[in-house]
Structures are given as C-alpha cells and as structure tokens.
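Good morning, and thank you for making time on the agenda. I would ask you to keep the sequence and the structure in view while I speak.

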Amino acid sequence: MTTTATTRAAATTAATTAGTATAAPATPGLVPVLWLALLATPVAAAANAPVLILPDMAASLGVRTETAAWLVAAFAWAMAVSVPLLSGLLRRRGLTPVLRLSGALLLGGTLLVAASPWLPVTLLGRAAQAAGGAGLVAAAMSLAGSARRMGVISAGFGMLGAAGPLLGAQLSHTVSWRLSLSVSLVSLLALPAVGRHAATTTPPTTPPTARRDRFDARGAALLTVLATALVLLPHAPAAALGSAAVAAALLALHVRRRPDGFVPAPLVRSPLFLGSALLALALSTSYFTLLFAVPRLLADRAGWDLAAAGAGQLVALLTGSALSWLLAAASARLGRTAVRTVLVTIGTLAALLAVFASWGPLLLVATLGGVFGATGANALLSMQAASSAPDPQRPTAIGLFTLCYQLGGAFGPAIATALVLGGA
C-alpha cells in the first residue's frame, strides 16, 4: 500500500470510538475485525500492484519507467497527507462523513484511472484513490480497540500488499494494468456493514469540544506542504529540502502559537511519539525499497524470471506478515523495549541481506524481514505512539504516525528506482 501502495503502510489502535483509544481487549460491542480488515486492507494491494508492471505501465503511457514511477509517488503522497486530514475530520465530525467522503474519492479516482489515456489525469485518479483509501484506513484504525485486533488489520495490510505485485501482474497480462490499479474498490463492500455496526455499537465519535473548536486550517496546510516537500525529496533534492526546511520552521512556530491545533504540541514534544514515528518511517522506507528492488535483484543476481520472482516474493511477504501478527499477539508479554529490539534487529538484517546477498532465497529472506519489520511497526509502534497522547488527541496521534509510515511508501520506490530500476 504505496503508496502502495499502500503501502503500501503503514500501517495502530484507537478506541471503540474515534475520540478515545485504548489497548483493552476486544469486546462484543466492537465492529467485527474482519469487516475492519476488509475496509482497510485492499488499498495495500492497489498500492503494490505496480511493483512488477511499472515498465509495462510506462510503455502504455509512452513515458520512461522513472516517469511512470510518479504514479507510485502520487499514491504514497496522497496516502501520507490524507490520513492526518481525514483523522481530523473523523475526530470533529464522526465516522459517517469520513466513510461517505472516502468511498466517493475511491470510486471517483478509480473511474479516472480506468478511463484516462494521459499520465497527469491518471496521477490525479491515483491520488484520489489513495485519499479515499486513507480515510477508510483511518476509520478502521480508529475502531480497532486492541493490539491483537490491530495486528489482524496490519497483518492484512502485509498479506494484501504481498498479493498486490503478483495480482497486479496477472490482471495486467490478462486484462489491463488499469484493472490492477483498481482492486481497492473491494473496500466498498465493507462500507455498509461497518457504518451500520459502528452506528449501533459505539457512542458518538466526536467530543463536544472538538465540534466547537475552530479548525486549524493553517496548521493543516503547513503539515501538507511539509509532507509534500518530503515526498518530493528523492526526485528534486535541493528544492524539496529547502521547501521542507521552510515549512518545518513555519510549522514549529505555528505549533508554539497554537499548541492545541492540528499538530498538537504535546505530541511533537513526546519522546515516545517521536521515537515510534521515526522508527516506523525507517522500517517502512526499507520495506518499500525492498518490495520494488528485490524482483529486479533476483533477476540480475540469481537469474530468476519474472514469474519465479513474483511467486517467491509473494511467499516471503505472506510469511513475514503472518509472523508480524504473532509478534503483535505476544507484544504484551514481551514489553516495549523487547518489541523495538526485535523490529530494529530484523529490519537491519533485511537491509544488509539485500545489499550483499546474491543467492535468491537469501534475497527473499530480506523481503520477509522487511515486511515483518514494517508490518510489525504499523501494528505495535502505532499503539505506543497513540498511548503518548491524551484520549481526545489519539486519533490525531494515529494520523500523524501513519503519515510518517506512509512517507516510507514514497521514499522506498524512489530509492529503488534510483538504485536498481533506473535502467528499466
């Protein structure tokens, strides 16, 4: 889930309501977790669908592979900036408006992707798809309620993200690459059930104070500019770095003037939140880099063809995602420090294997380690990040954490394209 995914990603916890979040065990009143997984996870498949077909997409649109990679970057950018924005809408207006807006964006963006023969309009469609998916992700995360249930959603991200490359290749070869970018429409099947169940089993999701507070438009705009500059960093380093520095400085001044605004001061001053978000960014960037680079490395270093590389990567990603759910289930017994040690160790070993390994199975182990680290970070570090915020600000904490995770979905494909795929 670019974006991918969806990245793909990234992917967290919140309460039975969007206004409060706890790590309490699931109760019968919660929305069934399988509905939440169906609501949130198809965007991961859509985000990762271009992994094996990026050159085909480029040829169809009449552009170079590096140019077609903007379809991945646009998806990741829209996911990154939309999650905190729609999390804010969720906190202020409740679940139903977010579900309606997200569904409309997802449907409209998919129609543009399916019909447009031009790259700029296709980019717009991909961004709308990602924004809609981001809203559905924010809604599902806000209704998760426990680490174990969040682990199910996060593992679903990994598994759907794992299937995305091979599914995208098969749909592209049998029908069209445009269909492979439209699989996130499956999320719409969960909208009626989630909306109906949440309305009857959860209290109002918007605290009264949030409705009365004036929306911090300046803070939201500055955060969007900062995220946009960061997404552009791999593509135009000098301009993006300067823009990011200016936006960060202005945002810091704004946070001092309005500490309870769109970016709450207690969050940016919290070592727990910052450490969780930055570690998730690092693990997500590593994962998305490996996701796009390993198929090419398997071909160049081990002589594997596209079908073998796709099948092998699918097995590795599914295995890593399943193992991350086991880590989430055991996280309460392990403790915060042990969980972070496991994630950092596995993520570092995965990156080292990708750099030095030339044997195909070892490269697949690198992919397994990458998805394990990123998926585990999305499930567990998001819980830690949310726990650093007061109850009314926990949806905001989740949104800002997810922004950091999704930035990895923008950095990773760009890094892979620059280091490995540039000659495609």
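Let me begin with a question: is Ser-184 buried or exposed? Ser-184 counts as buried, because its relative accessibility is 2%, and buried means under 20%. This serine sits in the loop that links α9 (177-180) to α10 (191-201). Beyond its neighbours within four places in sequence, Ser-184 is in contact with Pro-42, Val-43, Ala-46, Leu-106 and Gln-129.

Before I go further, a word on confidence. This is a predicted model. The average pLDDT of the chain is 81, and 88% of the residues reach at least 70. Two stretches call for caution. Over residues 202-206 the pLDDT falls below 50, and this segment has 16 contacts in the model beyond near neighbours in sequence. Residues 1-28 also stay under 50 in pLDDT, and for them the model has 133 contacts beyond four places in sequence.

I now turn to helix packing. Two packed helices are described by the angle between their axes and the distance between the axes. The first pair on my list is helix α16 (residues 306-334) with helix α18 (residues 360-387). Their axes lie 7 Å apart, at an angle of about 35°. The crossing of α16 past α18 is right-handed. On the α16 side, the residues that meet α18 include Gly-312, Ala-316, Gly-320, Ser-321, Leu-323 and Ser-324. On the α18 side, Leu-364, Leu-368, Val-371, Phe-372, Thr-375 and Gly-376 are among those that take part. The residues of this contact divide into ten nonpolar and ten polar, with no charged residue.

One member of that contact deserves a separate comment. Ser-321, which belongs to α16, is buried because its relative accessibility is 0%. Leaving aside neighbours within four places in sequence, Ser-321 is in contact with Val-371 and Thr-375, and also with Ala-155, Gly-158 and Met-159.

Helix α16 has a further partner in helix α15 (residues 271-302). Here the axes come within 9 Å and cross at roughly 145°. This crossing, too, is right-handed. From α15, the residues Tyr-287, Leu-290, Leu-291, Val-294, Pro-295 and Leu-298 meet Ala-309, Gln-313 and Leu-317 of α16. By class, the contact of α15 with α16 holds eight nonpolar residues, one polar residue and no charged ones.

Tyr-287 brings me to the aromatic rings. How many aromatic pairs does a search of the whole structure find? The search finds one. A pair of aromatic rings is described by the distance of the centres and the angle of the planes. For Tyr-287 and Phe-288, the ring centres are 4.8 Å apart and the planes stand at 50°, so the pair is tilted. Both partners are buried: Tyr-287 because its relative accessibility is 3%, and Phe-288 because its value is 0%.

My last residue is Ala-114, located in helix α6 (residues 95-115). Ala-114 counts as partly exposed, because its relative accessibility is 47%. Its C-alpha atom is separated by 7.0 Å from that of Leu-179, although the two residues are 65 apart along the chain.

That concludes my remarks, and I am glad to take your comments.

Terms used:
Residues numbered from 1 in each chain as written. Predicted model: local features only at pLDDT ≥ 70, side-chain atom pairs only at ≥ 80, totals over all residues. Heavy atoms only, no water. pLDDT = per-residue confidence, 0-100. Contact = heavy atoms within 4.5 Å. Axes fitted to C-alpha atoms, helices over the stretch in contact; angles between N-to-C directions. Helix = DSSP H or I, 4+ residues; strand = E, 2+ residues; numbered from the N terminus. Left-handed = near helix turned anticlockwise from the far one by under 90°. Nonpolar A, V, L, I, M, F, W, Y, C, P; charged D, E, K, R; others polar. Buried < 20%, exposed > 50% of the residue type's maximum accessible area, 1.4 Å probe, protein only. Phe/Tyr/Trp six-rings, centres within 6.5 Å; stacked < 30°, edge-to-face > 60°.
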